[in-house]
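Trainee: I've got a new model open and I'm not sure where to begin. Could we go through it together, one question at a time?

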Amino acid sequence: MTGEPRTELQQSVLGHDWAATPLGPVQSWSSTLLSTVGTCLNSRFPMLLIWGPELVMVYNDAYAPLLGARHPKALGQSLSDVWADIWPTLRGMVDEVHAGAATFSEDLLLVTNRDGFDEETFFTFSFSPVAEPGGRVAGILDTVVETSGRVLAARRMGVLQQLGSLPRSVHDSAAAACAAVLGVLAEARADCPFGLVYLLQLGGHTAELVASYGLAEDAPAIDEVFPPQVREAMATRSVVRTSGLATVLPGLSRGGASPAGEADVDTVFVLPLTVAGPADPVGALVLGASPHLRVDDEYRVFLSLAAAHVSAAVTDAQAVQSERRRSAERAEFDDARAQFFTEVAVTLQRAVLGPTLLPPGFAVRYEPASGTLEVGGDWYDVVDLPGGRYGVVVGDVVGRGLPAAAVMGQLRSAIRALLLESHSPSHVLGALDRFAALVPGATCSTVFCAVVDPAAGTLRYSSAGHVPAIVVDRDGGSAFLTAAGSLPLAVVDDLVRPERDVVLAPGSTLLLYTDGLVERRDEDLDEGMARAVDAVRAGRQLAPAALADLLTDQLLSDAPDDDVAFLVYRAPG
């Protein structure tokens with residue numbers, strides 16, 4: 001341990017009273033111990049050195065966060081004391097390493113109480129022997145990384161994919177549809193220990209409990225506990241969080257919901273169930289939060305996405321009932337339901353604005369990769385602007401999964417607000433550059449932004465690294481909009497974005513899309529773009545919705561590997 005200490009922890013190690021520990025004063029340490037401690041302290045990867053039969057702990061800055069509240073008292077203490085809660089699991093590994101063999105554990109579940117509650121955590125780590133000259137194993141070097149975030153994200157993604165694969169339009173009532181969704185969540189009690197759905201009854205004055213899971217058989221009455229939060233969530237259209245449930249309703253939900261063991265649920269989230277358009281919420285979903293998990297942003301997004309699936313199930317069931325009562329309106333309800341589910345699929349990526357009805361002349365589609373409802377970062381949007389104009393946007397965030405969906409939601413909301421303030425696509429993308437620079441994961445996202453003026457028959461556009469839009473006129477002439485292209489978002493500071501005006505002749509068709517529509521393995525991108533032009537040209541006489549169906553059939557029949565979002569606009573005339 002030579003040189004000047006660079007961190008507070010390194011200073012703590014050097015200044016620690018090692019003479020009061022089984023290791024003795026630093027002057028008595030062997031060269032092997034000194035060199036290994038130096039390696040540990042100077043590494044930026046989480047490392048723990050466990051020395052001697054007393055298993056004395058020395059660790060670096062990167063390891064300290066894994067200890068939670070046990071740092072800094074853990075320094076110089078015995079492994080068996082500091083990690084007493086998982087010592088039964090670690091004991092055999094320690095014995096194995098002292099016998100001369102290394103160990104390796106991947107995504108190992110460890111229930112720890114490092115921050116005052118029994119927490120479900122996951123770690124990938126290796127115990128390696130450290131030998132003194134002569135071969136005697138004197139210590140253990142633990143290289144470790146906490147994988148809780150990745151494991152939990154994968155687990156929750158599986159739940160969302162199961163929800164997305166539920167059959168639609170097969171339930172006799174909204175209550176039955178809610179019960180089907182809760183049936184999936186009931187198999188995921190490690191993340192959602194219990195759930196209840198309240199729906200507005202006929203007349204819209206009271207919300208009644210229609211489905212539930214995870215409640216103890218002898219659970220106390222809940223009639224007076226959740227209705228006030230349900231009314232608040234529906235009235236404010238916002239999530240209501242309530243803590244202290246373990247005191248108010250002990251024993252409400254237990255039954256080994258988590259591998260971490262028995263514990264009363266203390267925190268619940270009440271999420272409004274919203275449907276297409278400006279209508280008021282139709283009910284609320286009550287979900288208990290696991291007492292063995294941290295309630296972080298990722299957790300809250302997962303709960304919001306689960307609520308989106310309940311909303312989808314309710315809307316679907318209501319549409320089916322309406323069709324049975326009014327068969328003459330079947331086509332209208334089918335279109336509304338299809339549009340709603342498309343919006344739900346698009347917004348599966350954390351905190352995106354709810355679905356809206358499209359103006360005349362527009363059609364949209366969202367297709368997840370390989371035909372699933374896997375979370376992704378592709379999106380489209382149509383924004384009503386003053387003067388009968390419309391802002392149209394298609395964008396693509398790098399990556400997949402919950403992180404990409406969260407970034408997509410933030411960008412989508414931001415550009416919607418910017419379009420309402422400025423009708424210049426270049427100014428909007430310039431402001432979005434500055435916003436994206438502040439959002440982790442938003443760099444290199446691509447966006448095509450335009451303002452359509454149906455009365456003037458014009459389109460003003462700007463592109464941030466996105467694939468070019470396609471315009472096909474009534475006679476079949478086509479063009480790619482490439483003149484106002486520039487770099488993706490947040491790549492260059494203070495980038496001046498270009499914009500161009502083009503004429504949309506009467507009856508011409510505009511196609512905005514993400515690269516999943518045209519990009520295929522072992523094929524040049526130009527070939528896919530040319531194929532898209534041919535498809536638009538072939539369907540230029542069809543109504544926008546029918547053209548969108550044609551594009552889906554012709555361009556997505558081979559189950560693309562990437563998410564696809566596209567928007568079709570037909571100029572009047």
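Trainee: Let's start at the far end of the chain, then. Which residues of helix 14 meet helix 15?

Mentor: Contact here means heavy atoms within 4.5 Å. Helices are DSSP runs of H or I with at least four residues, strands are DSSP runs of E with at least two, and both are numbered from the N terminus. On the helix 15 side you'll find Leu547, Leu550, Leu551, Gln554 and Leu555, and their partners in helix 14 are Arg531, Ala532, Ala535, Val536 and Ala538.

Trainee: How many residues of each class does that contact have?

Mentor: Ala, Val, Leu, Ile, Met, Phe, Trp, Tyr, Cys and Pro count as nonpolar, Asp, Glu, Lys and Arg as charged, and the others, Gly among them, as polar. Sorted that way, the contact of helix 14 with helix 15 has 8 nonpolar, 1 polar and 1 charged residues.

Trainee: Before we go on, what kind of model is this?

Mentor: Residues are numbered from 1 along each chain as its sequence is written, and side-chain values use heavy atoms, with hydrogens and water left out. Local features need pLDDT of at least 70 and side-chain atom pairs count only at pLDDT 80 or more, while totals for chains, interfaces and linings use all residues, since this is a predicted model.

Trainee: Back to those two helices: at what angle do the axes of helix 14 and helix 15 cross?

Mentor: Axes are lines fitted to C-alpha atoms, for helices over the stretch in contact, and angles run from 0 to 180 degrees between N-to-C directions. Helix 14 covers residues 525-538 and helix 15 covers residues 544-555, and their axes come within 10 Å. The crossing angle is roughly 140°.

Trainee: Zooming out, what percentage of the 573 residues in the protein chain is buried?

Mentor: The protein chain has 15 helices and 21 strands. Buried means under 20% relative accessible area, exposed over 50%, and partly exposed in between (1.4 Å probe, protein chains only). For buried residues, the share is 52%.

Trainee: How many disulfides does the structure hold?

Mentor: A disulfide is a pair of cysteine sulfur atoms within 2.5 Å. Cys40 is buried at 0% relative accessible area, and Cys178 is buried at 0% too. As for disulfides, the structure holds 0.

Trainee: I can see an open sheet of 5 strands. What is the order of its strands?

Mentor: Two strands pair if DSSP finds at least two bridges between them. Strand 2 (56-59) and strand 3 (103-112) each pair on one side only, which makes them the edge strands. Pairing in this sheet is antiparallel, and the order is 2-1-5-4-3.

Trainee: Which residue stands opposite Trp51 in strand 2?

Mentor: Strand 1 (residues 47-51) pairs with strand 2 in the antiparallel sense, over 4 bridges. Helix 2 (residues 31-41) lies across strand 1, strand 2, strand 4 (119-131) and strand 5 (137-146). Opposite Trp51 in strand 2 is Val56.

Trainee: Now strand 11. How many of its 6 residues are buried?

Mentor: Strand 11 (residues 362-367) runs antiparallel to strand 21 (residues 564-570), with 6 bridges joining them. One facing pair is Tyr366 and Ala565. Strand 11 is largely enclosed by the rest of the structure, because the buried count is 5.

Trainee: Is Asp396 buried or exposed?

Mentor: Asp396 sits in strand 13 (residues 390-396). Leaving out residues up to four places away in sequence, it touches several others, including Trp379, His466 and Asp562. With a relative accessible area of 12%, Asp396 is buried.

Trainee: And Glu217, buried or exposed?

Mentor: Glu217 lies in the loop between strand 7 (207-213) and helix 8 (227-236). Its C-alpha atom is separated by 9.1 Å from that of Ser253, 36 residues apart along the chain. At a relative accessible area of 88%, Glu217 is exposed.

Trainee: Any backbone oddities? What is the phi of Asp494 near?

Mentor: Most residues other than glycine have a negative phi, and most peptide bonds are trans. The bond from His71 to Pro72 is cis, with omega near 10°. Asp494 lies in the loop between strand 18 (485-486) and strand 19 (500-503). Its phi is positive, near 55°.
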